[in-house]
Amino acid sequence: MIEFINVSKQFREGIWWGQKKNVQALHDISLQIKEGTCFAIVGESGSGKSTLGKLLIGLEKPDTGQIMFQGSNLHEADRQKRQLLRRDMQIVFQDCYSAVNPRMKIKDVIAEPMRVHFQYSAAEIKEKVKQLLEAVGLDEEAGEQYSHQFSGGQLQRITIARAISIQPKVIVLDEVINSLDVLVQISILKLLKRLQHELNLTYLFISHDLHAVKLFADEVAILDKGEIVDCAHQVKHFDKLTHPASRRLIEAQLPIVPQLAKEEYPVKKGLYVS
Ligand code: ADP
Ligand code: MG
């Protein structure tokens, strides 16, 4: 469904003190993500994970190489096609507080992408916001509040509701649980898992938390200094990876094992049909 073919990306850094140098954020990345699966990208800070996610959703352009989505080259499609492709891809960031406008009511935060991409009536939007809040485990009243009134976990539910509001096919999850405490992390992962099944979503799950990756992802690739140095097509083989960068990550794991219970929620189909 998604394919990166020899993708490279450089940034020019250091303009503040006059001396520019090129940073090779990604080098010759090739990977494939199958529809309906969760593909994890793991790597140390600065290894290029976020850049990879931004390239996929079109926030950055590759210098060389191609990114294919359902047979189309994401960065070569014409404007109209690109806008449609954009609608299919959403991103959720780690820092949910800065991802939400503090002066907007939550109902407007959630409705914003729908207003951009669809011509819904006010009544339709109202109904959809209600359904979306319910889908992520929040009450309808939450819509009347502002972001500062919520905890990090609740706010992350809100950004997830916003991401699924326009029925994307792919969601980039960029360290979405890393600033939350452990029990909240688990509840967010459960929510994301349930939504993935209900809405047939494909995830690019960016993380440096190997426990979460093992519980949550299907496949995993290790990114080190902008290159994919290792990958496990089945996440259960993850601990057997041998590249030094993989070993570093595996050996740095904390020995906690909270189990992500399988489907505690009833799976409800048809969120998008109303
Ligand atoms: P990660 O998400 O794994 O921490 P990033 O993708 O954010 O890594 O960054 C990879 C490298 O690219 C880093 O060296 C970072 O400083 C550099 N980089 C990322 N974005 C930019 C940018 N917009 N301008 C300049 N350098 C950047
Ligand atoms: Mg990052």
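A pocket, as I use the word here, is an open set of grid points where a 1.4 Å probe fits, with protein on both sides within 12 Å along at least five of seven lines. I keep in mind throughout that this is a predicted model.

Entry 1, the largest pocket. I looked up its volume first and found about 360 Å³ of space. Its lining is made of 14 residues, and those closest to the centre are I57, Q90, I91, F93 and R162. I then asked which elements give two or more residues to this lining, and noted strand 6 (89-93), helix 4 (106-117) and helix 6 (152-164). Strand 6 supplies the largest share, with five residues. Sorting the lining by character, I counted nine nonpolar residues, two polar ones and three charged ones.

Entry 2, the domains. The domain assignment divides the protein into domain 1 (33-58 + 79-88 + 169-274) and domain 2 (96-167). I looked up how far apart their C-alpha centres lie, which is 22 Å, and then the contact between them, where 19 residues of domain 1 meet 17 residues of domain 2.

Entry 3, the nonpolar cores. The largest nonpolar core holds 55 residues, and within this core L173, L195, Y203 and F205 are the members that touch the most others. Both domains take part in this core, since domain 1 (33-58 + 79-88 + 169-274) and domain 2 (96-167) each give at least three residues to it. I followed L173 further and, leaving aside residues up to four places away in sequence, found that L173 touches V92, L192, Y203, L204, F205, I206 and F216. Apart from the largest core there is another, of 26 residues, which includes L55, L56, I91 and L204.

Entry 4, helix 4. I wanted to know which residues of helix 4 are buried, and the list reads I106, V109, I110, A111, P113 and M114. As a reminder to myself, an α-helix has 3.6 residues a turn, so residues three or four places apart point the same way. The buried residues of helix 4 pack against helix 5 (122-135) and helix 6.

Entry 5, I164. I closed with I164, a residue of helix 6. Is I164 buried or exposed? Its relative accessible area is 0%, and because buried means under 20%, I164 is entered as buried. I also looked up its separation from V136, which stands 28 residues away along the chain, and the two C-alpha atoms are 9.9 Å apart.

Notes:
Residues numbered from 1 in each chain as written. Chains lettered and ligands numbered in written order. Predicted model: local features only at pLDDT ≥ 70, side-chain atom pairs only at ≥ 80, totals over all residues. Heavy atoms only, no water. Core = buried A, V, L, I, M, F, W, Y, C linked by side-chain atoms within 4.5 Å. Buried < 20%, exposed > 50% of the residue type's maximum accessible area, 1.4 Å probe, protein only. Domains from an automatic or database assignment. Contact = heavy atoms within 4.5 Å. 1 Å grid on protein atoms, 1.4 Å probe; cavity = no way out; pocket = protein on both sides within 12 Å on 5 of 7 lines; lining within 4 Å. Points joined across faces, edges and corners; volume = space filled by probe spheres on them. Nonpolar A, V, L, I, M, F, W, Y, C, P; charged D, E, K, R; others polar.
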